[in-house]
Amino acid sequence: MAAILEVTDVTKAYDEYKVVDGFSFQVAEGELRCLLGPNGAGKTTTMDLITGRQKVTGGKIMFQGREITGLPEHRIVKHGIGRKFQVPAVFRDLTVRENLQVANSRNTNPFINMITFRQRAGRERLDQIVELVGLQERLDEVGGNLSHGETQWLEIGMVLTQDPKLLLMDEPTAGMTEQETHRTSEIFNRLKGTHTLVVVEHDMAFVREIADIITLMHLGRTLAEGPMHEVENDPKVREVYLGAEGISDAA
């Protein structure tokens, strides 16, 4: 399957220090890729570079065959890339329904977005999203009253209202209970195929449930890449992460 995202020899440097150092990877359309590595490996910075939040020092980023290197964040969003950050950003005083309506960002005016989402096609889309993230019974609850897991799912839903082709998820299960984490894996597995996902995650049990391919970063570079069973048995990985536990400590 053709690559939807191509990151080629990308570097992000601050003076002489390279946070990302000639990093390359390709993600196929419909794939769920997990990006792993210890703190400081360059994972979140890579996400920042893809979305335009930070500017690359060198290299090239292609999305759907078009170069997006250095484009402003809002233009990259319009190309079809959505991102969920580790800390949820929802409107705590608005209901779940209103949060989803505001996030329907086809217009810069949030009130027009809310009106659009009340129309028939918008209502159908909202119904699909709330069913996917499991918030059907919480539509009229204000964001500030949601549990941590529900808040994470709401933000995933808010990203989905933009109908992105590529979703970047930064530690989506952070702070979740085991039950919430399992529910999140179900959501992601349903998204695979119709959406392409790149997920930065520390919970290795969660990664095993969702990942098609993993890319393991170390010091801003690719250390290993492939299915989980291949990567965790790679001699290079065992040498760097010291031992029989494989990559379980590499997150």
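**Helices α6 and α7**

Select residues 148-160, helix α6, together with residues 178-191, helix α7; the two pack at an angle of about 15°, with their axes 10 Å apart. Helices here are DSSP runs of H or I with at least four residues, strands are runs of E with at least two, and both are numbered from the N terminus. An axis is a line fitted to C-alpha atoms, for helices over the stretch in contact, and the angle, from 0 to 180 degrees, is taken between N-to-C directions. Helix α6 is therefore roughly parallel to α7, a term for angles under 35 degrees (over 145 is roughly antiparallel, 65 to 115 roughly perpendicular, and the rest oblique).

Now show the side chains of the contact, which means heavy atoms within 4.5 Å. From α6 come Gly-149, Trp-153, Ile-156 and Leu-160, and from α7 come Glu-180, Arg-183, Thr-184, Ile-187, Phe-188 and Leu-191. By class, this contact of α6 with α7 has six nonpolar, two polar and two charged residues. Ala, Val, Leu, Ile, Met, Phe, Trp, Tyr, Cys and Pro count as nonpolar, Asp, Glu, Lys and Arg as charged, and the others, Gly among them, as polar.

The model is predicted; local features need pLDDT of at least 70 and side-chain atom pairs pLDDT 80 or more, whereas totals for chains, interfaces and linings use all residues. Residues are numbered from 1 along each chain as its sequence is written, and side-chain values use heavy atoms, with hydrogens and water left out.

**Helix α3**

Keep α6 and add residues 96-103, helix α3; α3 and α6 pack at an angle of about 30°, with their axes 8 Å apart. Helix α3 is therefore roughly parallel to α6. On the α3 side, select Val-96, Asn-99, Leu-100 and Ala-103, which meet Leu-154, Gly-157 and Met-158 in α6. By class, the contact of α3 with α6 has five nonpolar, two polar and no charged residues.

How many of the eight residues of α3 are buried? Six of them are, and the helix is mostly covered. Buried means under 20% relative accessible area, exposed over 50%, and partly exposed in between (1.4 Å probe, protein chains only). The buried residues of α3 are Val-96, Asn-99, Leu-100, Gln-101, Val-102 and Ala-103.

**The loop at Asp-212**

Select Asp-212, in the loop between α8 (204-210) and β9 (213-218). Asp-212 is partly exposed, at 33% relative accessibility. Add Glu-31: Asp-212 and Glu-31 are 181 residues apart in sequence and 6.5 Å apart in space, C-alpha to C-alpha. Leaving aside neighbours within four places in sequence, Asp-212 is in contact with Gly-30, Glu-31, Leu-32, Lys-192 and Pro-227.

**Two loop residues with positive phi**

Most residues other than glycine have a negative phi. Select Asp-15, where phi is near 55°, a positive value in a residue other than glycine. Asp-15 is in the loop between β1 (3-14) and β2 (17-28). Is Asp-15 buried or exposed? Asp-15 is exposed, with a relative accessible area of 78%.

Next, select Leu-219, in the loop between β9 and β10 (221-226). Leu-219 has a positive phi of about 55° although it is not a glycine. Leu-219 is exposed, at 61% relative accessibility.

**The whole protein**

Finally, display everything: the protein has 10 helices and 10 strands. Of its 251 residues, 50% count as buried.
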